Amino acid sequence: MADKTETDDALLMAAISGGDGNALRLLIRKYRPLVFRTALRIMCRSCEAEDITQDVFIKVWQQAGRYNGQSSLSTWLYRITANLSLDKLRRRKLIPSWISNGMSGKNGDRTEISAEDRLIASEEWEIFVKASEKLSPKQRMIFTLKEIEELDTEEVTRITGMNADQIKSNLYLARRTVRKIIMEYNHGKE
């Protein structure tokens, strides 16, 4: 038996499939933080994450009828987000360093900085970005989904289409690279 969230999501998707713009707005309000956070952690740039977030919901609007409910809506959204992010990373020849442009709150008011924005502006975020720049696009996607979003291997398999061995291999390589960068950074601080 489906839980209330799955039922609500199925109803929203059916309404969106029928062209209901209000249902899309409700879906965006509910899932935008998840989509943006995932895109940001893969792309490491808020402007690109914002673009991908918009593209995800455009794709949802266009392909709502394709959602079959076999996986949770969040899994479907993770998959779209991961694929769009991966495509964008592949198109980028070099992944330049992320440059902080001063994060601000919802209304542009610097006093309303969210906890996530503070993390992004922090030293830890810069270390993460430097480490993630050394990862291949697949490794970055797997690392984000497994380590940061804390999804289980089965869900990452559904999102990426990779088998468990491919996920483990990419995750191993990503962890090794991230660990090396962090060790180099910590050694440099001494």
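Helix α7, which holds 12 residues, should span 16 Å at 1.5 Å a residue, and the 15 Å between its end C-alpha atoms agrees with that expectation. The model in which this helix is described is a predicted one. The secondary structure of the protein consists of nine helices and zero strands, so that α7 belongs to a fold read along the sequence as α-α-α-α-α-α-α-α-α. Of the 190 residues in the protein, 40% are buried, and among contacts between residues at least 6 apart in sequence, 66% join residues at least 24 apart.

**Helix α7 and its residues**

- Helix α7 covers residues 137–148, and its buried residues are Q139, R140, M141, I142, F143, T144, L145 and K146.
- P137 lies in this helix and counts as partly exposed because its relative accessibility is 24%, a value that falls between the 20% limit for buried residues and the 50% limit for exposed ones.
- Once neighbours within four places in sequence are left aside, P137 is in contact with L86 and L89.
- P137 is also separated from I42 by 95 residues in sequence, while the two C-alpha atoms are 8.3 Å apart in space.
- Q139, likewise placed in helix α7, counts as buried because its relative accessibility is 11%.
- Apart from residues up to four places away in sequence, Q139 touches N170, L173 and A174.
- F143, one of the buried residues of α7, stands 102 residues from R41 in sequence, with a C-alpha to C-alpha separation of 9.4 Å.
- R41 itself lies in helix α2, and at 16% relative accessibility this arginine counts as buried.

**How α7 packs against α8**

- The axes of α7 and α8 are 10 Å apart and meet at an angle of about 140°, and the two helices are therefore oblique to each other.
- The crossing of α7 and α8 is right-handed.
- On the α7 side of the contact are M141, I142, L145 and K146, which meet T153, V156, I159 and T160 in α8.
- By class, the residues of this contact comprise five nonpolar, two polar and one charged.
- M141, I142, L145 and K146 thus take part in the contact with α8 and also appear among the buried residues of α7.

**Helix α3 and its packing against α4**

- Helix α3, residues 46–63, has 18 residues and reaches 25 Å from its first C-alpha to its last, close to the 26 Å expected at 1.5 Å a residue.
- The buried residues in α3 are E48, A49, I52, T53, V56, F57 and V60, and what covers them includes α1 (4–17), α2 (21–43) and α4 (73–91).
- An α-helix has 3.6 residues a turn, so residues three or four places apart point the same way.
- α3 packs against α4 at an angle of about 125°, with 10 Å between the axes, and the pair is therefore oblique.
- α3 passes α4 in a right-handed crossing.
- In this contact, E48, D51, I52, D55, V56, K59, V60 and Q63 of α3 meet W76, L77, I80, T81, L84, S85 and K88 of α4.
- The residues of the contact divide into seven nonpolar, three polar and five charged.
- E48, I52, V56 and V60 are found both in the contact with α4 and among the buried residues of α3.

**Positive phi angles in two loops**

- C44 lies in the loop between α2 and α3 and has a positive phi of about 65°, although this residue is not a glycine.
- C44 is buried, as its relative accessible area is 3%.
- E150, placed in the loop between α7 and α8 (153–160), is another residue other than glycine with a positive phi, here near 60°.
- E150 takes this positive phi just after α7, and with a relative accessible area of 66% it is exposed.
- Of these two loop residues, C44 is therefore the buried one, whereas E150 is exposed.

Note on methods: Residues are numbered from 1 along each chain as its sequence is written. This is a predicted model: local features need pLDDT of at least 70, side-chain atom pairs count only at pLDDT 80 or more; totals for chains, interfaces and linings use all residues. Side-chain values use heavy atoms; hydrogens and water are left out. Helices (H or I, at least four residues) and strands (E, at least two) are DSSP runs, numbered from the N terminus. The expected span of a helix is 1.5 Å times one less than its number of residues. Buried means under 20% relative accessible area, exposed over 50%, partly exposed in between (1.4 Å probe, protein chains only). Contact means heavy atoms within 4.5 Å. Axes are lines fitted to C-alpha atoms, for helices over the stretch in contact, and angles run from 0 to 180 degrees between N-to-C directions. Angles under 35 degrees count as roughly parallel, over 145 as roughly antiparallel, 65 to 115 as roughly perpendicular and the rest as oblique. A crossing is left-handed if the near helix is turned anticlockwise from the far one by less than a right angle, and right-handed if clockwise. Ala, Val, Leu, Ile, Met, Phe, Trp, Tyr, Cys and Pro count as nonpolar, Asp, Glu, Lys and Arg as charged, and the others, Gly among them, as polar.
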